[in-house]
Amino acid sequence: ALDADIRAHFHDGILWVGLGTTPNIVAHLGRWGTLLGLPESHASSRNGEQLALSVRSMIGARKMLLVIDDAWKLEDALLFQIGGAECVHLVTTRIPSLATALASDTPLILNELNPEQSLDLLHVLAPQIVQREPQSAYALVQAVGGLPLALTLAGNYLRLQTASGQMRRVY
């Protein structure tokens, strides 16, 4: 979603939602609505299906990428597949049957990163930390289980703390 070519292609924007096991559907849809300019009176609706329809109308003919991350239930993921004909939905899940149900073609299976790949990613994002504290870096890699998003968030945080001289926040 941060790639310049992807952003240029989806010139009307990219919406991301992280669902997880117990998503707050109304809050997530309300956030999307607010980002799209939905009036506050509509964005604060307590009805998920009604809010999804309002967000869909705000998307309209926009060319957008809708990222539905960490889906655990089909009905939750479907509520966010609300883009128009110019939109693309990217859904991630750890549940193969859910991926199959949501895919229009064969789903693409991506495994977690192994420890070496995880350390490589962390090194790209926060090289000083990996070089200075290799055991702590390895412990972080194990703690997040090779999940690229978690590593990216942690790596960016560590890089910012290192750059700002806030080393006490790193350890």
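Q: In what order do the elements of the chain run from the N terminus on?
A: This is a predicted model. Its secondary structure comes to 10 helices and 3 strands. Read from the N terminus on, the elements run α-β-α-α-α-β-α-β-α-α-α-α-α.

Q: In what order do the 3 strands stand in the open sheet?
A: The sheet is open and its pairing is parallel. E1 and E2 (residues 65-71), for instance, pair in the parallel sense over 5 bridges. The order of the strands is E1-E2-E3.

Q: Why is one side of strand E1 and of strand E3 left without a neighbour in the sheet?
A: The sheet is open, with the order E1-E2-E3. E1 (14-18) and E3 (88-93) stand at its edges, so each of them has a single partner strand.

Q: By what angle are neighbouring strands of this sheet turned against each other on average?
A: The 3 strands of the sheet pair in parallel. With direction ignored, the average turn between neighbouring strands is 10°.

Q: Which residue in E2 does Val17 stand opposite?
A: E1 spans 14-18, and E1 pairs with E2 in the parallel sense. E2 covers residues 65-71. Opposite Val17 stands Ile68.

Q: At about what angle does helix H2 run to E1?
A: Helix H2 is made of residues 25-35 and lies across E1 and E2. Its angle to E1 is about 165°.

Q: How many nonpolar residues does the contact of H9 with H10 have?
A: H9 (residues 134-144) and H10 (residues 148-163) pack at an angle of about 145°, with axes 10 Å apart, in a right-handed crossing. H9 brings Leu140, Val141 and Val144 to the contact, and H10 brings Ala150, Leu151, Ala154 and Leu158. No polar and no charged residues take part, and the nonpolar residues number 7.

Q: What are the classes of the residues in the contact of H7 with H10?
A: Helix H7 (residues 115-125) packs on H10 at an angle of about 30°, with the axes 8 Å apart, and the crossing is right-handed. Ser118, Leu121, Leu122 and Leu125 of H7 meet Pro148, Leu151, Thr152, Gly155, Asn156 and Arg159 of H10. By class, this contact has 5 nonpolar, 4 polar and 1 charged residues.

Q: Which residues of the lining lie nearest the centre of the largest pocket?
A: The largest pocket has a volume of about 1,700 Å³. Its lining consists of 38 residues. Nearest the centre are Asp69, Val91, Thr92, Thr93 and Leu110.

Q: Which element gives the most to the lining of the largest pocket?
A: E2, E3, helix H6 (96-102) and H10 each supply at least two residues of the lining. The element that gives the most, with 6 residues, is H10.

Q: How many charged residues does the lining of the largest pocket have?
A: The lining of the largest pocket has 23 nonpolar residues and 10 polar ones. Its charged residues number 5.

Q: What box do the C-alpha atoms of the chain fill?
A: The box is taken along the principal axes. Its dimensions are roughly 50 × 35 × 30 Å.

Methods
Residues numbered from 1 in each chain as written. Predicted model: local features only at pLDDT ≥ 70, side-chain atom pairs only at ≥ 80, totals over all residues. Heavy atoms only, no water. Pairing = 2+ DSSP bridges. Helix = DSSP H or I, 4+ residues; strand = E, 2+ residues; numbered from the N terminus. Axes fitted to C-alpha atoms, helices over the stretch in contact; angles between N-to-C directions. Contact = heavy atoms within 4.5 Å. Left-handed = near helix turned anticlockwise from the far one by under 90°. Nonpolar A, V, L, I, M, F, W, Y, C, P; charged D, E, K, R; others polar. 1 Å grid on protein atoms, 1.4 Å probe; cavity = no way out; pocket = protein on both sides within 12 Å on 5 of 7 lines; lining within 4 Å. Points joined across faces, edges and corners; volume = space filled by probe spheres on them.
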